[in-house]
Amino acid sequence: EIPLDAISADSSWAFAKRELIPTDLTKLIKITKKLVAATPFDIEQIAIRKIALKLMQAYEKAITVGDGDGEPLGVFYASDNGIPTSRVVSTTGTGTGVITGDDLIEMYLKVRPQVRKVAVWIMNTAILKDVMKLKDKNDQYLWQQSLRAGEPSTLLGLPVLESEFAPTAKTANSYMIVLGNLDYYKFAYWKDIEITIANESFAGKNQIGIYGHTLADGCPINPEAFARLKAVYAG
């Protein structure tokens, strides 16, 4: 028999590294009553859709680069409570070719095989432009353009998500790409988006205020489901 004290516990998946505490996010749009009266369109509904979009963009930005202080912890933000620096792959290229195909292969292999099957690449369009030009040793592009509507283009067989909030810099020590299984990014919602129309608050300026409010938080929960690319040399 093996003594119990000879069996070491796995501490890499320790719980309570970071609590999920939904925090307030509020956005405001003001429209004039003159505009509401003069147009045949339903301006209030247009404004409501706009403010909902602003809330979703704010959360996308936080999920991407947020530092976790009163907001979600982003996948591009290095933290022991989320994705630590141990999940970094450093670039090997220089100059305009700072990102190489070998770097992407290293990222691919750094993500655990069990979760890699449904992983996605996350990057800004400015970074994607360089990635799309990469070729293998047989002069074939690593990027595979989708040939069917509704199907994503792929990179090393995995889909690519473009985010306008992902980093664009190719300077030394900047993060450029994340590969990860987003099933291991968890959210805590207190409620859905709440819309409040304030007819009186801005009456003195002949305006209507439309508030959008929600509470949410989120963070990566398994570092081994992610890999992050960092530039060593400036591009």
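This report describes the sheet, the nonpolar cores, the largest pocket and three single residues of a predicted model.

## The sheet

Seven strands form an open sheet, and their order is S2-S10-S7-S3-S6-S5-S4. The pairing within this sheet is mixed. Strands S2 and S4 (143–144) are the edge strands, since each of them pairs on one side only.

Several of the pairings can be described in detail. S7 and S10 are antiparallel and are joined over five bridges; here Ile 177 stands opposite Leu 229 in S10. S3 and S7 are also paired in the antiparallel sense, over three bridges, and Trp 121 stands opposite Leu 179 in S7. Strand S5 (residues 154–155) runs antiparallel to S6, with two bridges between them. Leu 155 has Leu 158 in S6 as its bridge partner.

Helix H3 lies across S2, S3, S5, S6, S7 and S10. The angle between H3 and S2 is about 160°.

## The nonpolar cores

In soluble globular proteins, nonpolar side chains tend to be buried together. In this model the largest nonpolar core has 37 residues, and those that touch the most other members are Ile 99, Leu 104, Met 107, Trp 121, Met 123, Val 131 and Ile 177. Among the elements that give two or more residues to this core are helix H3 (101–110), helix H5 (125–131), strand S3 (120–123) and strand S7 (175–180). The largest share, five residues, comes from S7. Six of the six residues of S7 are buried.

Which residues does Leu 104 touch, not counting residues up to four places away in sequence? They are Ile 99, Trp 121, Val 131, Leu 134, Leu 142, Leu 155, Leu 156 and Ile 177.

A second core, separate from the largest, contains eight residues, including Ala 47, Ile 48, Ile 51 and Ile 210.

## The largest pocket

The largest pocket holds about 390 Å³ of space. It is lined by 22 residues, of which Met 56, Tyr 59, Glu 60, Ile 63 and Phe 187 are the closest to its centre. Helix H2 (43–65), S6, strand S8 (185–198) and strand S9 (207–220) each give two or more residues to this lining.

## Three residues in their surroundings

The table lists the exposure of three residues and the element or loop in which each is found.

| Residue | Location | Relative accessible area | Class |
|---|---|---|---|
| Ala 62 | helix H2 | 4% | buried |
| Leu 156 | loop between S5 and S6 | 27% | partly exposed |
| Asn 173 | loop between S6 and S7 | 56% | exposed |

Ala 62 counts as buried because its relative accessible area of 4% falls under the limit of 20%. Not counting residues up to four places away in sequence, Ala 62 touches Glu 71, Pro 72, Leu 73 and Gly 74. Ala 62 and Pro 72 are 10 residues apart along the chain, and their C-alpha atoms are separated by 5.5 Å.

Leu 156 and Asn 173 are described here by their backbone angle phi. Most residues other than glycine have a negative phi. Leu 156, although not a glycine, has a positive phi of about 55°. Asn 173 likewise has a positive phi, near 75°. Asn 173 counts as exposed because its relative accessible area of 56% is over the limit of 50%. Leu 156 is partly exposed, because its value of 27% lies between the two limits.

How values were computed:
Residues are numbered from 1 along each chain as its sequence is written. This is a predicted model: local features need pLDDT of at least 70, side-chain atom pairs count only at pLDDT 80 or more; totals for chains, interfaces and linings use all residues. Side-chain values use heavy atoms; hydrogens and water are left out. A nonpolar core is a set of buried Ala, Val, Leu, Ile, Met, Phe, Trp, Tyr and Cys residues joined through side-chain atoms within 4.5 Å. Buried means under 20% relative accessible area, exposed over 50%, partly exposed in between (1.4 Å probe, protein chains only). Contact means heavy atoms within 4.5 Å. Two strands pair if DSSP finds at least two bridges between them. Axes are lines fitted to C-alpha atoms, for helices over the stretch in contact, and angles run from 0 to 180 degrees between N-to-C directions. On a 1 Å grid over the protein atoms alone, a cavity is a set of points where a 1.4 Å probe fits but cannot get out, and a pocket is an open set with protein on both sides within 12 Å along at least five of seven lines; lining residues have an atom within 4 Å of a point. Grid points are joined across faces, edges and corners, and a volume is the space filled by probe spheres set on the points.
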